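Me: I'd like a close look at one part of this protein, the metal site. Could you walk me through how it is put together and how it sits in the rest of the fold?

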Amino acid sequence: MSRLMGLYAQHLSANAAPPAVDKATFARQVEQAGNVLADADMVVCGIGSGMSTACGYDHYGRSAAFDCPFAKFERAHGFSSLMDGFYHLYATNEERWGFLAAYIAYLQNAPVGRAYRQLAKLLDGKEYFVLTTNVDGQVRRAFPSESVWLFQGDFGFLQCCQPCCDELVSALPVARAMLDAMGDDGVAVPSDLLPRCPQCGWLRSPWVRDHGFLEGEAWRDGKRRYERFVSDALAGGRRVVFLELGVGGMTPSIIEIPFWEMTRTNPNAFYLRVNMGKASEPRQLEGRSLTVTGDIANVFDMLTNEQETKEQDA
Ligand SMILES: [Zn+2]
């Protein structure tokens, strides 16, 4: 791991200035990205929060979504983003679950974002796997479940908060019952609707990464499938693309650094990144890497247009 962190630290220090990319360079980068993807035999995708932000789902800032269904929670508690609402220290579990029920229902009812649908179409017909650190359910709903590993969990499920058992239950029916009972103006759920683990009686919690996160059979199954896919991809001498989308700086050890290392050590691999805030890759990947610096929404619109033009010409 120390060599990986060395690669990361060295790269960070070499890229202190924020990227500025002109239109022509951007267009050239997108075209090259389209060619790399078209030539790939297998694609390993790593998706971070920037992908959902590009689809209009901003959990960290104040978004339009926050104003409508969440305004009553802002009035009651003072926070102004969905993530602040999740991490807020509520006076009671009933108030905490009032917000969580609204958040879970919002996530589950939100349409699958445009960039996710475009990516699914671009990858259609290829062998691919998607690893994500997002917990908003977009990846789970955009791609087949056997091709996804939800590394940090997903708000679509609840676990025992200890956890005492390896059990995940669907979160939406629980949230719906709470919202019905709470009504339009309420911010707290009735005590008898607090979700409890039938095994130990403790509260259940959303299945998302925290100190008690359940890395149970569902999580381990995702890990096994991901590792098998990557090892098959790298063993076969085929053209493998590690496609990194919207990955920020919070958890580089999950997607970014392993993708670099696997590209560095495999001559058939190519590292392709789309990110608004990053402009280059480590020197060790030169010739087999590309960063498209720009908004994922624009990039996928352009790639999709390109693909449609090629299909019409064929
Ligand atoms: Zn339990």
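Reply: Sure, and let's start with the whole thing before zooming in. This is a predicted model, and the protein has 13 helices and 9 strands. Its radius of gyration is 21 Å, close to the 20 Å that the globule rule gives for 314 residues, so the protein is as compact as a globular protein of that length. Along the principal axes, the C-alpha atoms fill a box of roughly 60 × 45 × 40 Å. Buried residues account for 51% of the 314. Of the contacts with a separation of 6 or more, 68% join residues 24 or more positions apart.

Now the metal. The zinc ion is held by four sulfurs, the SG atoms of Cys160, Cys164, Cys197 and Cys200, at 2.2 to 2.4 Å. The angles between these 4 donor atoms run from 103 to 119°, and four donors count as tetrahedral if all angles lie between 85 and 135 degrees, so this arrangement is tetrahedral. Read along the chain, the donors follow the spacing C-x3-C-x32-C-x2-C. Cys164 lies in the loop between β4 and β5 (169–170), while Cys200 lies in the loop between α10 and β6, so this pair ties together parts that are 36 residues apart in sequence.

Here's something to look at if you go to the record. In an unreviewed entry, UniProt places the feature "binding site" at Cys160, Cys165, Cys197 and Cys200. Those four positions are spread over 41 residues of sequence, yet they cluster in space, with a largest C-alpha distance of 8.8 Å. In the model, though, the list of zinc donors has Cys164, where the record's list has Cys165.

How do the individual cysteines sit? Cys160 is in strand β4, which covers residues 153–160. Its relative accessibility is 1%, and buried means under 20%, so Cys160 counts as buried. Not counting residues up to four places away in sequence, Cys160 touches Cys165, Glu167, Cys197, Cys200, Leu203 and Arg204.

Cys200 is in the loop between α10 (172–182) and β6 (204–208). With a relative accessible area of 29%, Cys200 is partly exposed. Leaving aside neighbours within four places in sequence, Cys200 is in contact with Cys160, Gln162 and Cys164. Cys164 is partly exposed too, at 38% relative accessibility.

So, for these three zinc donors, the picture is a buried Cys160 alongside a partly exposed Cys200 and a partly exposed Cys164.

Methods: Residues are numbered from 1 along each chain as its sequence is written. This is a predicted model: local features need pLDDT of at least 70, side-chain atom pairs count only at pLDDT 80 or more; totals for chains, interfaces and linings use all residues. Side-chain values use heavy atoms; hydrogens and water are left out. UniProt positions are given in the numbering used here, feature names are shortened, and annotations may be inferred rather than shown by experiment. Helices (H or I, at least four residues) and strands (E, at least two) are DSSP runs, numbered from the N terminus. Buried means under 20% relative accessible area, exposed over 50%, partly exposed in between (1.4 Å probe, protein chains only). Contact means heavy atoms within 4.5 Å. Donors are N, O and S atoms within 2.8 Å of the metal (3.2 Å for Na, K and Ca); water is not among the atoms, so sites may look incomplete. Four donors count as tetrahedral if all angles lie between 85 and 135 degrees; four count as square planar and six as octahedral if opposite donors are over 155 degrees apart and all others between 65 and 115; anything else is irregular. The radius of gyration is taken over C-alpha atoms; the globule rule is 2.2 Å times the number of residues to the power 0.38.
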